[in-house]
Amino acid sequence: RNKTTSGAKKFSVTIRGVISPQVHAIPGDDGEFHYSYRTARAGVYFVAVLLDGVDVGGSPFKLTVDPGPTHANGCSAEGPGITGGYTGMETSFVIHARDYYGNARGVGGDVFNISIGGTASARMRVRDNEKGTYTVAYTPEVGGDYFISVQHNGIDIQGSPFTVSSDPMPRAGYLEMYRSLEPDFGQHLQAQMLGNVDRPKELEAKRKKADSKAKAKISQEWELSVKVLTGRNLVAKDTVAEGTYGTTFTHSSDPYVVLRLSGQAKRTTTVEKDLNPTWNEELTLKVTDRMQRLELEVMDEDKDDEDDTMGRCTLSLLDLVEGQPRAVTVKLLDPTHDVAGAPPSSAEEGGAAGGRGKSGVSSMGVDLGEVSLVLTITPAKGSIDSKALR
């Protein structure tokens, strides 16, 4: 191949990927051309270089743009530890490390300066989750207002400093806590007051007998109906080069929804090549413990490879009212950046009448679209004896 010394020929350069950045051409001498571009979003990109409408050798080129260094302007925090808590009870929040443009960092090792002041100091511990998130736990010893400052390189992250109120735990909360720690709290307290404390073996025998009677009398089971309606602005996982010379790019996915709960898994059918799919399918799962969260994940079906995740979230079943449908719109997040113990989604909810409002859980990370559902929970037939619950 002979190198030309003329700069008269112009190349066509386009970049496609998470976004399509503008390309700037700088004509050079001796047959060289220089191109520059800038992107604020990390991800996979394809660079197509054409001459007279024909790809040059190796075009389109695939490249990966990694997140930049951690910057306080892109970092944020979430969790109960920055919204409020109870005196003497440990609470926590999670710091999400991101670069200046908000791209989530996938590695640990950052240093955040955290200080807690106000009414009093508080014992604090920090854990590096080694995936771009950091868990901060502390215990307010005295009731009142606390000020939590989170900085990186001397700059406050988004929302910092946070103002948090620590209140005494209500009496009902203490009783519930003691009951959870000691199932026979009431009986044991009464026995102590009467001076008739059972020996440990006798108490354990009574507990097992009571548990067996309770299990025989009540079997708490529900049926959860989930109508998966639509998806909106889902992320494209497939990039296909089309056209005579492979210079036209199509970005799409073949999405389906998977629901998981207590070892069960149900899925919808696949909608091909659609980032705003409509399913309108109803899936039913059995619920034995309403403390467990429903996991929703959107997958991209690949016939020749493993299916790719397009985002996921979890939903609480505690606030569902039996027999009353609840419309919910959940935001999908990148599962590789979830934080253990923190709800990885936000939802817009509406009651049976169709009203809408915010659930109050914040969405962190790259927005991967949203899915609309209708949840309905009903008691399984013959599962609950209301007298046994009193």
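## A walk through a strand-rich predicted model

At 24% relative accessibility, Val56 falls in the range from 20% to 50%, so this residue counts as partly exposed. Val56 sits in the loop that runs between β5 (54-55) and β6. Leaving aside residues up to four places away in sequence, its contacts are Phe11, Val49, Leu51 and Phe61. Phe11 is 45 residues away from Val56 along the chain, yet their C-alpha atoms are separated by 9.4 Å. Please keep in mind that this is a predicted model.

### The chain as a whole

Stepping back, the secondary structure consists of 3 helices and 27 strands. The chain has 390 residues, and 34% of them count as buried. Among contacts between residues at least 6 apart in sequence, 61% join residues at least 24 apart.

### The β11–β12 hairpin

A good place to look at strand pairing is β11 (residues 122-128), which runs antiparallel to β12 (residues 133-140) and is joined to it by 7 bridges. Within this pair, Arg127 has Thr135 of β12 as its bridge partner. The two strands form a hairpin with 4 residues between them, and Glu130 in the turn has a positive phi of about 60 degrees. When you look at strands like these, a general point helps: in a regular strand the side chains alternate between the two faces of the sheet.

### Salt bridges

How many salt bridges does the model contain? The count comes to 8. Here are three of them, with the N to O distance for each pair.

| Pair | N to O distance |
|---|---|
| Arg125 and Glu90 | 2.9 Å |
| Glu295 and Arg312 | 3.6 Å |
| Lys331 and Glu370 | 3.6 Å |

The bridge between Arg125 and Glu90 takes us back to the hairpin. Arg125 belongs to strand β11, while Glu90 is in the loop between β8 (85-86) and β9 (91-96), so the pair ties together parts that are 35 residues apart in sequence. Arg125 has a relative accessibility of 52%, and because over 50% is the cut-off for exposed, Arg125 counts as exposed. Its partner Glu90 has a relative accessible area of 46% and is partly exposed.

Next comes the salt bridge of Glu295 with Arg312. Glu295 lies in strand β22 (residues 294-300) and Arg312 in strand β23, so this pair ties together parts that are 17 residues apart in sequence. Arg312 counts as partly exposed, at 24% relative accessibility.

The bridge between Lys331 and Glu370 has its two ends in strands. Lys331 lies in strand β24 (residues 326-331) and Glu370 in strand β27 (residues 370-379), and the pair links distant parts of the chain, 39 residues apart. Are these two residues buried or partly exposed? Lys331 is partly exposed, at 22% relative accessibility. Glu370 has a relative accessible area of 12%, and because under 20% means buried, Glu370 is buried. There is also a network: Arg260, Glu295, Glu297 and Arg312 are joined into one by salt bridges that share partners.

### The largest pocket

Now for the open space in the model. The largest pocket holds about 1000 Å³ of space. Its lining has 31 residues, and those closest to the centre are Val18, Gly43, Val44, Val235 and Lys237. Which elements each supply at least two residues of this lining? They are β4 (43-51), β6 (61-65) and β23 (308-315). Strand β23 is also where Arg312 of the salt bridge with Glu295 lies. Sorted by class, the lining of the largest pocket divides into 13 nonpolar, 12 polar and 6 charged residues.

### Enclosed space

The model also has 2 cavities of 30 Å³ or more. The second largest cavity has a volume of about 30 Å³. Which residues line the second largest cavity? They are Gly84, Gly85, Thr91, Tyr138, Pro140, Tyr146, Val164 and Ser166. The elements that give two or more residues to this lining are β12 and β15 (162-167), and β12 is a strand of the hairpin described above. By class, 4 of the lining residues are nonpolar and 4 are polar, with no charged residues.

Note on methods: Residues are numbered from 1 along each chain as its sequence is written. This is a predicted model: local features need pLDDT of at least 70, side-chain atom pairs count only at pLDDT 80 or more; totals for chains, interfaces and linings use all residues. Side-chain values use heavy atoms; hydrogens and water are left out. On a 1 Å grid over the protein atoms alone, a cavity is a set of points where a 1.4 Å probe fits but cannot get out, and a pocket is an open set with protein on both sides within 12 Å along at least five of seven lines; lining residues have an atom within 4 Å of a point. Grid points are joined across faces, edges and corners, and a volume is the space filled by probe spheres set on the points. Ala, Val, Leu, Ile, Met, Phe, Trp, Tyr, Cys and Pro count as nonpolar, Asp, Glu, Lys and Arg as charged, and the others, Gly among them, as polar. Two strands pair if DSSP finds at least two bridges between them. Buried means under 20% relative accessible area, exposed over 50%, partly exposed in between (1.4 Å probe, protein chains only). Contact means heavy atoms within 4.5 Å. A salt bridge is a side-chain nitrogen of Lys or Arg within 4 Å of a carboxyl oxygen of Asp or Glu.
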